[in-house]
Amino acid sequence: MTSEPRSLTDTDTDALSGPPPGCPAHGLGPGGVRRLYGPDAEDLGDLYERLREEHGSVAPALLHDDVPMWVVLGHAENIHMVRSSSVYTRDSRIWTPLLDGTVKPDHPLMPHIAWQPICSHAEGDEHQRLRAAVTAAMDTIDHRSMRRHIGRYTQSLVNRFCERGRADLVSQFAEHLPMAVMCQILGMPEEYDDRMVQAARDALKGTETAIQSHTYVMEALSRLTTRRRARPEDDFTSHLVTHPAGLTDDEVREHLRLVLFAAYEATANLLANALRMVLTEPGFRAQLSGGQMTVPEAIEQSLWDEPPFSTVFAYYAKQDTELGGQRIRKGDGLLFAPAPGNLDPRIRPDLSASMQGNRSHLAFGGGPHECPGQDIGRAIADVGVDALLMRLPDVQLDCPEEDLRWRSSIASRHLVSLPVRFEPKPQQDVDIAPHHGAPAVQPSGWPTGARRSDPTPAAEPRPAVPPMPVPMPAAPEPVRGRGVWRRLMRWWRGEE
(Lines give C-alpha, C1' and ligand atoms only; values in the text may rest on other atoms or scores of the structure.)
Protein backbone atom coordinates (compact mmCIF):
# COMPACT_ATOMS: atom_id res chain seq x y z
CA MET A 1 0.00 0.00 0.00
CA THR A 2 1.15 3.53 -0.60
CA SER A 3 1.57 5.52 2.57
CA GLU A 4 -0.37 8.45 1.11
CA PRO A 5 -3.28 8.24 -1.33
CA ARG A 6 -2.22 9.11 -4.86
CA SER A 7 -4.37 10.17 -7.80
CA LEU A 8 -3.85 8.92 -11.32
CA THR A 9 -4.31 12.50 -12.49
CA ASP A 10 -1.72 14.03 -10.15
CA THR A 11 1.15 15.69 -12.03
CA ASP A 12 4.80 16.03 -11.19
CA THR A 13 7.09 17.86 -13.61
CA ASP A 14 10.16 15.74 -12.83
CA ALA A 15 8.25 12.48 -12.87
CA LEU A 16 6.43 13.23 -16.10
CA SER A 17 9.68 13.82 -17.91
CA GLY A 18 10.28 10.07 -17.66
CA PRO A 19 13.59 8.21 -17.97
CA PRO A 20 16.02 9.44 -20.63
CA PRO A 21 16.57 7.47 -23.85
CA GLY A 22 18.49 4.26 -23.21
CA CYS A 23 17.64 4.23 -19.50
CA PRO A 24 17.17 0.66 -18.18
CA ALA A 25 13.74 1.61 -16.78
CA HIS A 26 12.07 -0.66 -19.32
CA GLY A 27 8.34 -0.55 -19.89
CA LEU A 28 7.89 2.79 -18.15
CA GLY A 29 5.83 5.63 -19.57
CA PRO A 30 5.23 9.22 -18.44
CA GLY A 31 5.55 9.61 -14.70
CA GLY A 32 7.40 6.30 -14.45
CA VAL A 33 4.09 4.45 -14.77
CA ARG A 34 4.33 0.91 -16.17
CA ARG A 35 2.82 0.08 -19.53
CA LEU A 36 0.40 -2.82 -20.00
CA TYR A 37 1.40 -3.13 -23.64
CA GLY A 38 4.56 -3.45 -25.71
CA PRO A 39 7.51 -5.86 -25.55
CA ASP A 40 8.07 -5.35 -21.83
CA ALA A 41 4.51 -6.38 -21.04
CA GLU A 42 4.58 -9.79 -22.73
CA ASP A 43 4.35 -11.54 -19.34
CA LEU A 44 1.46 -9.66 -17.77
CA GLY A 45 1.33 -12.05 -14.82
CA ASP A 46 4.84 -11.07 -13.82
CA LEU A 47 4.07 -7.40 -14.48
CA TYR A 48 1.02 -7.50 -12.22
CA GLU A 49 3.13 -8.91 -9.39
CA ARG A 50 5.69 -6.12 -9.85
CA LEU A 51 2.86 -3.60 -9.71
CA ARG A 52 1.56 -5.24 -6.54
CA GLU A 53 5.00 -4.96 -4.92
CA GLU A 54 5.35 -1.32 -5.93
CA HIS A 55 1.85 0.02 -5.28
CA GLY A 56 -0.20 -2.50 -3.31
CA SER A 57 -3.69 -3.68 -4.21
CA VAL A 58 -4.51 -0.87 -6.68
CA ALA A 59 -1.84 0.27 -9.13
CA PRO A 60 -1.52 2.97 -11.81
CA ALA A 61 -0.76 1.73 -15.31
CA LEU A 62 -0.88 2.79 -18.95
CA LEU A 63 -2.92 1.33 -21.78
CA HIS A 64 -2.02 1.66 -25.46
CA ASP A 65 -1.11 5.26 -26.45
CA ASP A 66 -0.19 5.77 -22.77
CA VAL A 67 -3.78 6.20 -21.65
CA PRO A 68 -3.91 6.08 -17.81
CA MET A 69 -5.89 3.34 -16.09
CA TRP A 70 -5.91 1.85 -12.59
CA VAL A 71 -5.44 -1.92 -12.26
CA VAL A 72 -7.26 -3.44 -9.28
CA LEU A 73 -4.99 -6.25 -8.07
CA GLY A 74 -6.49 -7.07 -4.69
CA HIS A 75 -9.24 -9.66 -4.25
CA ALA A 76 -11.19 -7.62 -1.70
CA GLU A 77 -10.76 -4.41 -3.70
CA ASN A 78 -12.12 -6.05 -6.87
CA ILE A 79 -15.14 -7.35 -4.96
CA HIS A 80 -15.75 -3.95 -3.40
CA MET A 81 -15.57 -2.21 -6.77
CA VAL A 82 -17.99 -4.48 -8.65
CA ARG A 83 -20.49 -4.39 -5.79
CA SER A 84 -20.42 -0.59 -5.31
CA SER A 85 -22.70 0.51 -8.12
CA SER A 86 -23.27 3.87 -6.42
CA VAL A 87 -19.56 4.68 -6.81
CA TYR A 88 -18.44 2.80 -9.94
CA THR A 89 -20.16 2.33 -13.30
CA ARG A 90 -19.54 0.36 -16.52
CA ASP A 91 -20.59 3.41 -18.58
CA SER A 92 -17.40 4.63 -20.32
CA ARG A 93 -19.06 7.88 -21.38
CA ILE A 94 -17.86 9.48 -18.12
CA TRP A 95 -14.23 8.36 -18.60
CA THR A 96 -11.99 11.44 -18.52
CA PRO A 97 -9.48 10.30 -21.22
CA LEU A 98 -12.41 9.71 -23.56
CA LEU A 99 -14.00 13.09 -22.83
CA ASP A 100 -10.76 15.07 -23.22
CA GLY A 101 -9.77 13.36 -26.47
CA THR A 102 -6.81 11.38 -25.08
CA VAL A 103 -8.53 8.22 -26.32
CA LYS A 104 -8.92 8.47 -30.08
CA PRO A 105 -11.73 6.74 -32.04
CA ASP A 106 -9.19 4.34 -33.55
CA HIS A 107 -7.70 3.30 -30.19
CA PRO A 108 -6.97 -0.46 -30.42
CA LEU A 109 -9.02 -1.15 -27.29
CA MET A 110 -12.04 0.88 -28.39
CA PRO A 111 -14.16 -2.26 -29.09
CA HIS A 112 -13.76 -3.11 -25.39
CA ILE A 113 -14.17 0.46 -24.16
CA ALA A 114 -16.95 1.96 -26.28
CA TRP A 115 -20.33 2.14 -24.55
CA GLN A 116 -23.04 -0.08 -26.00
CA PRO A 117 -26.78 -0.36 -25.25
CA ILE A 118 -26.44 -3.70 -23.46
CA CYS A 119 -27.14 -4.75 -19.89
CA SER A 120 -23.45 -5.01 -18.97
CA HIS A 121 -23.03 -1.27 -19.69
CA ALA A 122 -26.41 -0.01 -18.50
CA GLU A 123 -27.43 1.23 -15.08
CA GLY A 124 -30.54 1.72 -12.98
CA ASP A 125 -33.93 0.94 -14.50
CA GLU A 126 -32.45 0.33 -17.95
CA HIS A 127 -30.03 -2.22 -16.52
CA GLN A 128 -32.85 -3.96 -14.69
CA ARG A 129 -35.00 -4.08 -17.84
CA LEU A 130 -32.28 -5.59 -20.04
CA ARG A 131 -30.79 -7.85 -17.38
CA ALA A 132 -34.23 -9.21 -16.46
CA ALA A 133 -34.79 -10.31 -20.07
CA VAL A 134 -31.38 -12.03 -20.27
CA THR A 135 -31.65 -13.82 -16.92
CA ALA A 136 -35.25 -14.89 -17.61
CA ALA A 137 -34.16 -16.38 -20.94
CA MET A 138 -31.27 -18.14 -19.16
CA ASP A 139 -33.70 -19.59 -16.62
CA THR A 140 -35.66 -21.35 -19.38
CA ILE A 141 -32.66 -23.50 -20.39
CA ASP A 142 -33.23 -27.17 -19.57
CA HIS A 143 -29.91 -28.08 -17.97
CA ARG A 144 -30.39 -31.84 -18.24
CA SER A 145 -31.09 -31.52 -21.94
CA MET A 146 -28.15 -29.13 -22.29
CA ARG A 147 -25.79 -31.61 -20.64
CA ARG A 148 -26.94 -34.30 -23.07
CA HIS A 149 -26.20 -31.95 -25.97
CA ILE A 150 -22.74 -31.25 -24.52
CA GLY A 151 -22.09 -34.97 -24.25
CA ARG A 152 -23.21 -35.63 -27.80
CA TYR A 153 -21.13 -32.84 -29.28
CA THR A 154 -18.13 -34.02 -27.25
CA GLN A 155 -18.58 -37.54 -28.61
CA SER A 156 -18.88 -36.20 -32.16
CA LEU A 157 -15.76 -34.04 -31.86
CA VAL A 158 -13.70 -36.88 -30.37
CA ASN A 159 -14.91 -39.13 -33.22
CA ARG A 160 -13.13 -36.76 -35.61
CA PHE A 161 -9.68 -37.62 -34.30
CA CYS A 162 -9.90 -40.69 -32.04
CA GLU A 163 -8.74 -43.11 -34.75
CA ARG A 164 -5.60 -41.09 -35.51
CA GLY A 165 -4.02 -41.30 -32.08
CA ARG A 166 -3.06 -37.62 -32.12
CA ALA A 167 -4.95 -34.33 -31.80
CA ASP A 168 -4.69 -30.67 -30.86
CA LEU A 169 -7.16 -30.24 -28.02
CA VAL A 170 -7.34 -26.47 -28.54
CA SER A 171 -8.15 -26.18 -32.26
CA GLN A 172 -9.97 -29.53 -32.53
CA PHE A 173 -11.86 -29.55 -29.24
CA ALA A 174 -11.75 -26.54 -26.88
CA GLU A 175 -12.49 -24.02 -29.64
CA HIS A 176 -15.32 -26.09 -31.12
CA LEU A 177 -17.34 -27.49 -28.22
CA PRO A 178 -18.50 -24.12 -26.77
CA MET A 179 -19.58 -22.85 -30.19
CA ALA A 180 -21.53 -26.02 -30.97
CA VAL A 181 -23.33 -25.87 -27.63
CA MET A 182 -24.02 -22.12 -27.75
CA CYS A 183 -25.46 -22.33 -31.27
CA GLN A 184 -27.78 -25.06 -29.96
CA ILE A 185 -28.82 -23.01 -26.92
CA LEU A 186 -29.43 -19.83 -28.92
CA GLY A 187 -31.56 -21.74 -31.42
CA MET A 188 -29.33 -21.83 -34.50
CA PRO A 189 -27.64 -25.27 -34.55
CA GLU A 190 -27.52 -25.09 -38.34
CA GLU A 191 -25.05 -22.18 -38.12
CA TYR A 192 -22.41 -24.20 -36.27
CA ASP A 193 -19.51 -25.17 -38.52
CA ASP A 194 -15.78 -24.54 -38.90
CA ARG A 195 -16.46 -21.12 -40.47
CA MET A 196 -18.44 -19.90 -37.46
CA VAL A 197 -15.69 -21.04 -35.08
CA GLN A 198 -13.02 -19.32 -37.18
CA ALA A 199 -15.08 -16.13 -37.44
CA ALA A 200 -15.57 -15.92 -33.67
CA ARG A 201 -11.89 -16.52 -32.99
CA ASP A 202 -10.85 -13.95 -35.59
CA ALA A 203 -13.30 -11.31 -34.37
CA LEU A 204 -12.06 -11.68 -30.79
CA LYS A 205 -8.37 -11.53 -31.78
CA GLY A 206 -8.73 -8.15 -33.48
CA THR A 207 -6.91 -9.11 -36.69
CA GLU A 208 -7.06 -7.25 -39.99
CA THR A 209 -10.07 -9.38 -40.96
CA ALA A 210 -11.80 -9.01 -37.58
CA ILE A 211 -14.45 -6.64 -38.93
CA GLN A 212 -15.46 -9.06 -41.70
CA SER A 213 -15.52 -11.94 -39.22
CA HIS A 214 -17.63 -9.93 -36.80
CA THR A 215 -20.03 -9.13 -39.64
CA TYR A 216 -20.32 -12.83 -40.49
CA VAL A 217 -21.38 -13.66 -36.93
CA MET A 218 -23.77 -10.71 -36.71
CA GLU A 219 -25.47 -11.70 -39.97
CA ALA A 220 -26.19 -15.13 -38.48
CA LEU A 221 -27.59 -13.52 -35.32
CA SER A 222 -29.72 -11.15 -37.43
CA ARG A 223 -31.21 -14.07 -39.36
CA LEU A 224 -31.95 -15.82 -36.07
CA THR A 225 -33.61 -12.73 -34.58
CA THR A 226 -35.82 -12.27 -37.64
CA ARG A 227 -36.90 -15.94 -37.61
CA ARG A 228 -37.74 -15.95 -33.91
CA ARG A 229 -39.59 -12.63 -34.10
CA ALA A 230 -41.81 -14.19 -36.77
CA ARG A 231 -42.05 -17.64 -35.18
CA PRO A 232 -40.87 -18.10 -31.58
CA GLU A 233 -39.74 -21.54 -30.44
CA ASP A 234 -38.45 -22.95 -27.17
CA ASP A 235 -34.92 -21.55 -27.18
CA PHE A 236 -32.94 -18.72 -25.60
CA THR A 237 -33.49 -16.28 -28.47
CA SER A 238 -37.25 -16.82 -28.55
CA HIS A 239 -37.55 -16.16 -24.82
CA LEU A 240 -35.42 -13.03 -25.22
CA VAL A 241 -37.62 -11.81 -28.09
CA THR A 242 -40.91 -12.47 -26.29
CA HIS A 243 -39.92 -11.21 -22.83
CA PRO A 244 -42.22 -8.49 -21.41
CA ALA A 245 -39.23 -6.11 -21.33
CA GLY A 246 -39.93 -5.60 -25.04
CA LEU A 247 -36.40 -5.68 -26.46
CA THR A 248 -36.03 -4.24 -29.94
CA ASP A 249 -34.42 -6.31 -32.70
CA ASP A 250 -31.19 -4.33 -32.24
CA GLU A 251 -31.22 -5.00 -28.51
CA VAL A 252 -31.86 -8.71 -29.10
CA ARG A 253 -28.98 -8.95 -31.59
CA GLU A 254 -26.57 -7.08 -29.33
CA HIS A 255 -27.37 -9.30 -26.36
CA LEU A 256 -27.08 -12.44 -28.49
CA ARG A 257 -23.65 -11.19 -29.56
CA LEU A 258 -22.69 -10.49 -25.94
CA VAL A 259 -23.81 -13.95 -24.77
CA LEU A 260 -22.25 -15.80 -27.71
CA PHE A 261 -18.86 -14.09 -27.65
CA ALA A 262 -18.50 -13.99 -23.86
CA ALA A 263 -19.57 -17.60 -23.38
CA TYR A 264 -17.48 -18.81 -26.31
CA GLU A 265 -14.22 -17.07 -25.37
CA ALA A 266 -14.53 -17.79 -21.65
CA THR A 267 -15.44 -21.45 -22.08
CA ALA A 268 -12.86 -22.14 -24.80
CA ASN A 269 -10.18 -20.76 -22.48
CA LEU A 270 -11.57 -22.66 -19.50
CA LEU A 271 -11.58 -25.97 -21.39
CA ALA A 272 -8.04 -25.49 -22.67
CA ASN A 273 -6.72 -24.44 -19.27
CA ALA A 274 -8.40 -27.32 -17.44
CA LEU A 275 -7.11 -29.90 -19.93
CA ARG A 276 -3.61 -28.44 -19.72
CA MET A 277 -3.67 -28.81 -15.93
CA VAL A 278 -4.77 -32.43 -16.24
CA LEU A 279 -2.01 -33.20 -18.75
CA THR A 280 0.87 -31.32 -17.13
CA GLU A 281 0.35 -31.71 -13.39
CA PRO A 282 0.72 -35.38 -12.32
CA GLY A 283 -0.75 -34.81 -8.86
CA PHE A 284 -3.79 -33.14 -10.35
CA ARG A 285 -4.51 -36.06 -12.67
CA ALA A 286 -3.82 -38.59 -9.93
CA GLN A 287 -6.43 -36.94 -7.73
CA LEU A 288 -8.96 -37.15 -10.55
CA SER A 289 -8.17 -40.79 -11.35
CA GLY A 290 -8.14 -41.76 -7.70
CA GLY A 291 -11.45 -40.09 -6.89
CA GLN A 292 -10.02 -37.52 -4.45
CA MET A 293 -11.18 -34.76 -6.80
CA THR A 294 -14.17 -34.59 -9.14
CA VAL A 295 -14.06 -32.92 -12.55
CA PRO A 296 -16.26 -30.01 -11.33
CA GLU A 297 -13.79 -29.44 -8.47
CA ALA A 298 -10.92 -29.53 -10.97
CA ILE A 299 -12.70 -26.91 -13.07
CA GLU A 300 -13.08 -24.63 -10.04
CA GLN A 301 -9.35 -25.00 -9.29
CA SER A 302 -8.66 -23.96 -12.89
CA LEU A 303 -10.92 -20.91 -12.46
CA TRP A 304 -8.75 -19.85 -9.52
CA ASP A 305 -5.39 -20.43 -11.19
CA GLU A 306 -6.16 -19.36 -14.78
CA PRO A 307 -9.46 -17.46 -15.10
CA PRO A 308 -10.78 -17.23 -18.67
CA PHE A 309 -10.56 -13.41 -18.65
CA SER A 310 -7.46 -11.81 -17.11
CA THR A 311 -9.09 -8.39 -16.87
CA VAL A 312 -12.44 -6.88 -17.84
CA PHE A 313 -12.83 -3.41 -19.39
CA ALA A 314 -13.71 -1.48 -17.32
CA TYR A 315 -15.27 0.36 -14.40
CA TYR A 316 -15.34 4.14 -14.05
CA ALA A 317 -15.52 6.30 -10.93
CA LYS A 318 -18.70 8.35 -10.62
CA GLN A 319 -17.17 10.48 -7.87
CA ASP A 320 -13.91 11.10 -6.03
CA THR A 321 -13.19 8.13 -3.80
CA GLU A 322 -10.42 5.95 -2.41
CA LEU A 323 -9.63 2.33 -3.16
CA GLY A 324 -6.72 0.27 -1.90
CA GLY A 325 -4.95 3.33 -0.55
CA GLN A 326 -5.15 5.18 -3.86
CA ARG A 327 -7.02 8.40 -4.48
CA ILE A 328 -9.48 7.76 -7.32
CA ARG A 329 -10.80 10.83 -9.10
CA LYS A 330 -14.21 11.15 -10.73
CA GLY A 331 -13.85 9.94 -14.31
CA ASP A 332 -10.89 7.63 -13.64
CA GLY A 333 -11.00 4.18 -15.22
CA LEU A 334 -10.28 0.95 -13.35
CA LEU A 335 -9.63 -2.54 -14.70
CA PHE A 336 -11.48 -5.35 -12.96
CA ALA A 337 -8.67 -7.92 -12.80
CA PRO A 338 -9.63 -11.54 -11.96
CA ALA A 339 -6.20 -13.02 -12.78
CA PRO A 340 -4.07 -11.06 -10.30
CA GLY A 341 -7.01 -10.75 -7.90
CA ASN A 342 -7.23 -14.54 -7.61
CA LEU A 343 -3.53 -14.64 -6.69
CA ASP A 344 -3.78 -12.01 -3.96
CA PRO A 345 -1.33 -13.21 -1.26
CA ARG A 346 -3.71 -12.00 1.44
CA ILE A 347 -6.16 -14.78 0.53
CA ARG A 348 -3.73 -17.25 -1.09
CA PRO A 349 -0.42 -17.10 0.79
CA ASP A 350 0.40 -20.56 -0.59
CA LEU A 351 -0.48 -20.80 -4.29
CA SER A 352 0.17 -24.55 -4.29
CA ALA A 353 -2.59 -25.14 -1.75
CA SER A 354 -5.82 -26.60 -3.10
CA MET A 355 -8.83 -24.30 -3.35
CA GLN A 356 -11.18 -27.29 -3.42
CA GLY A 357 -14.71 -26.35 -2.37
CA ASN A 358 -14.00 -22.61 -2.57
CA ARG A 359 -15.99 -20.69 -5.22
CA SER A 360 -15.06 -17.17 -4.13
CA HIS A 361 -12.79 -16.60 -7.13
CA LEU A 362 -13.33 -13.61 -9.44
CA ALA A 363 -13.61 -15.56 -12.71
CA PHE A 364 -17.27 -14.67 -13.27
CA GLY A 365 -17.24 -11.18 -11.81
CA GLY A 366 -19.67 -10.08 -9.14
CA GLY A 367 -22.27 -7.52 -8.16
CA PRO A 368 -25.04 -6.46 -10.56
CA HIS A 369 -22.91 -7.38 -13.62
CA GLU A 370 -21.96 -10.89 -12.48
CA CYS A 371 -21.94 -13.30 -15.43
CA PRO A 372 -25.49 -14.70 -15.78
CA GLY A 373 -24.35 -17.66 -17.90
CA GLN A 374 -21.62 -19.05 -15.67
CA ASP A 375 -23.47 -22.33 -15.10
CA ILE A 376 -23.44 -22.94 -18.86
CA GLY A 377 -19.67 -22.50 -18.98
CA ARG A 378 -19.20 -24.78 -16.00
CA ALA A 379 -21.43 -27.46 -17.54
CA ILE A 380 -19.60 -27.39 -20.88
CA ALA A 381 -16.25 -27.73 -19.13
CA ASP A 382 -17.42 -30.36 -16.61
CA VAL A 383 -19.11 -32.64 -19.13
CA GLY A 384 -16.62 -32.02 -21.94
CA VAL A 385 -13.50 -32.76 -19.88
CA ASP A 386 -15.04 -35.80 -18.17
CA ALA A 387 -16.32 -37.32 -21.43
CA LEU A 388 -13.03 -36.72 -23.25
CA LEU A 389 -11.02 -38.38 -20.46
CA MET A 390 -13.45 -41.30 -20.50
CA ARG A 391 -12.89 -41.74 -24.24
CA LEU A 392 -9.11 -41.19 -24.08
CA PRO A 393 -7.94 -42.39 -20.64
CA ASP A 394 -4.33 -42.72 -21.85
CA VAL A 395 -4.11 -39.24 -23.38
CA GLN A 396 -0.71 -37.58 -22.89
CA LEU A 397 0.91 -34.29 -23.82
CA ASP A 398 2.73 -34.68 -27.14
CA CYS A 399 5.38 -32.00 -26.62
CA PRO A 400 7.60 -30.74 -23.79
CA GLU A 401 5.53 -28.64 -21.41
CA GLU A 402 7.91 -25.71 -21.88
CA ASP A 403 7.03 -25.66 -25.60
CA LEU A 404 3.41 -24.69 -24.91
CA ARG A 405 2.65 -21.16 -26.05
CA TRP A 406 -0.02 -18.61 -25.19
CA ARG A 407 -1.45 -15.71 -27.12
CA SER A 408 -1.81 -12.96 -24.54
CA SER A 409 -3.64 -9.68 -24.40
CA ILE A 410 -4.72 -7.48 -21.54
CA ALA A 411 -8.14 -9.15 -21.62
CA SER A 412 -7.16 -12.84 -21.75
CA ARG A 413 -4.45 -15.46 -22.08
CA HIS A 414 -5.32 -18.03 -24.74
CA LEU A 415 -3.45 -21.32 -25.09
CA VAL A 416 -2.40 -21.55 -28.75
CA SER A 417 -2.31 -25.35 -28.99
CA LEU A 418 -2.36 -28.45 -26.80
CA PRO A 419 -0.94 -31.37 -28.83
CA VAL A 420 -1.70 -34.82 -27.39
CA ARG A 421 -1.17 -38.48 -28.28
CA PHE A 422 -2.99 -41.65 -27.28
CA GLU A 423 -3.58 -45.15 -28.55
CA PRO A 424 -6.00 -44.94 -31.51
CA LYS A 425 -9.58 -45.56 -30.43
CA PRO A 426 -12.68 -46.66 -32.36
CA GLN A 427 -15.50 -44.21 -32.91
CA GLN A 428 -18.54 -44.39 -30.64
CA ASP A 429 -22.25 -43.76 -30.93
CA VAL A 430 -22.79 -40.14 -29.90
CA ASP A 431 -26.13 -41.02 -28.29
CA ILE A 432 -24.45 -43.37 -25.81
CA ALA A 433 -22.37 -42.30 -22.83
CA PRO A 434 -18.62 -42.47 -23.56
CA HIS A 435 -16.99 -45.73 -22.51
CA HIS A 436 -13.91 -47.90 -22.94
CA GLY A 437 -15.62 -50.81 -24.64
CA ALA A 438 -16.32 -51.67 -28.27
CA PRO A 439 -18.13 -48.96 -30.29
CA ALA A 440 -21.86 -49.14 -30.74
CA VAL A 441 -23.44 -48.80 -34.19
CA GLN A 442 -23.71 -45.17 -35.26
CA PRO A 443 -27.37 -44.15 -35.77
CA SER A 444 -28.20 -42.46 -39.05
CA GLY A 445 -29.48 -39.32 -37.34
CA TRP A 446 -25.99 -38.41 -36.12
CA PRO A 447 -22.93 -38.09 -38.37
CA THR A 448 -19.68 -39.74 -37.34
CA GLY A 449 -17.75 -36.46 -37.45
CA ALA A 450 -18.99 -33.03 -36.35
CA ARG A 451 -20.06 -31.34 -39.58
CA ARG A 452 -22.23 -28.31 -40.17
CA SER A 453 -24.94 -28.30 -37.54
CA ASP A 454 -24.45 -31.82 -36.06
CA PRO A 455 -28.26 -31.97 -35.94
CA THR A 456 -29.93 -32.96 -32.73
CA PRO A 457 -33.19 -34.87 -32.58
CA ALA A 458 -36.23 -32.66 -33.10
CA ALA A 459 -37.47 -33.32 -29.57
CA GLU A 460 -36.22 -35.09 -26.48
CA PRO A 461 -38.15 -38.38 -26.11
CA ARG A 462 -39.85 -38.76 -22.78
CA PRO A 463 -41.04 -42.38 -22.57
CA ALA A 464 -41.71 -44.16 -19.31
CA VAL A 465 -38.72 -46.42 -19.89
CA PRO A 466 -35.15 -45.06 -19.86
CA PRO A 467 -34.83 -42.58 -22.76
CA MET A 468 -31.64 -44.17 -24.13
CA PRO A 469 -30.24 -47.68 -24.28
CA VAL A 470 -27.72 -48.29 -21.55
CA PRO A 471 -25.20 -50.81 -22.82
CA MET A 472 -22.43 -51.82 -20.47
CA PRO A 473 -18.97 -51.97 -22.02
CA ALA A 474 -17.90 -55.41 -23.18
CA ALA A 475 -14.68 -55.36 -21.21
CA PRO A 476 -14.32 -52.20 -19.15
CA GLU A 477 -10.82 -51.15 -18.28
CA PRO A 478 -10.16 -50.70 -14.55
CA VAL A 479 -9.86 -46.94 -14.76
CA ARG A 480 -12.90 -46.05 -12.70
CA GLY A 481 -15.00 -47.99 -10.28
CA ARG A 482 -18.36 -49.52 -11.18
CA GLY A 483 -20.09 -46.96 -8.93
CA VAL A 484 -18.66 -44.13 -11.00
CA TRP A 485 -19.88 -45.82 -14.19
CA ARG A 486 -23.41 -46.13 -12.81
CA ARG A 487 -23.40 -42.49 -11.74
CA LEU A 488 -22.20 -41.52 -15.20
CA MET A 489 -25.04 -43.45 -16.82
CA ARG A 490 -27.58 -41.80 -14.51
CA TRP A 491 -26.14 -38.42 -15.49
CA TRP A 492 -26.30 -39.30 -19.20
CA ARG A 493 -30.00 -40.09 -18.84
CA GLY A 494 -30.54 -36.72 -17.15
CA GLU A 495 -31.35 -38.30 -13.77
CA GLU A 496 -28.60 -36.36 -11.99
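Helices are DSSP runs of H or I, at least four residues long, numbered from the N terminus. In this predicted model, glycine 56 sits just after helix α2 and takes a positive phi of about 95°.

Helix α2 spans residues 44-55 and has twelve residues. From the first C-alpha to the last, α2 reaches 16 Å. That is close to the 16 Å expected at 1.5 Å a residue. Six named positions of α2 are buried: Leu44, Leu47, Tyr48, Leu51, Arg52 and His55. These residues lie on the same side of α2, because they cover an arc of only 145° around the axis. The partners of this buried set include two strands, β1 (58-63) and β2 (67-72). Strand β7 (326-328) and helix α16 also pack against the buried residues of α2. At the start of the helix, aspartate 43 makes a side-chain to backbone approach. One of its side-chain oxygens comes to within 3.3 Å of the backbone nitrogen of glycine 45.

Helix α16 (338-342) also bounds the loop that holds serine 354. The other end of that loop is α17 (374-391). Serine 354 has a relative accessible area of 45%. It is therefore partly exposed, since that class lies between the 20% limit for buried and the 50% limit for exposed. A polar atom of the serine 354 side chain lies 3.0 Å from the backbone nitrogen of glutamine 356. Serine 354 is also 9.8 Å from alanine 298, C-alpha to C-alpha. In sequence, serine 354 and alanine 298 are 56 residues apart.

A second serine, serine 238, lies in helix α12, which covers residues 236-242. Its relative accessible area is 0%, so serine 238 is buried. Serine 238 touches Arg228, Pro232 and Glu233, with residues up to four places away in sequence left out of the count.

Two cysteines were also examined for burial. Cysteine 162 has 0% relative accessibility and therefore counts as buried. Cysteine 183 is likewise buried, because its relative accessibility is 0%. The structure holds zero disulfides.

Note on methods:
Residues are numbered from 1 along each chain as its sequence is written. This is a predicted model: local features need pLDDT of at least 70, side-chain atom pairs count only at pLDDT 80 or more; totals for chains, interfaces and linings use all residues. Side-chain values use heavy atoms; hydrogens and water are left out. Buried means under 20% relative accessible area, exposed over 50%, partly exposed in between (1.4 Å probe, protein chains only). A polar contact is a pair of N or O atoms within 3.5 Å; within protein, one must be able to donate a hydrogen and the other to accept it, and residues adjacent in sequence count only if both atoms are side-chain atoms. The expected span of a helix is 1.5 Å times one less than its number of residues. The arc is that of the directions from the helix axis to the C-beta atoms. Contact means heavy atoms within 4.5 Å. A disulfide is a pair of cysteine sulfur atoms within 2.5 Å.
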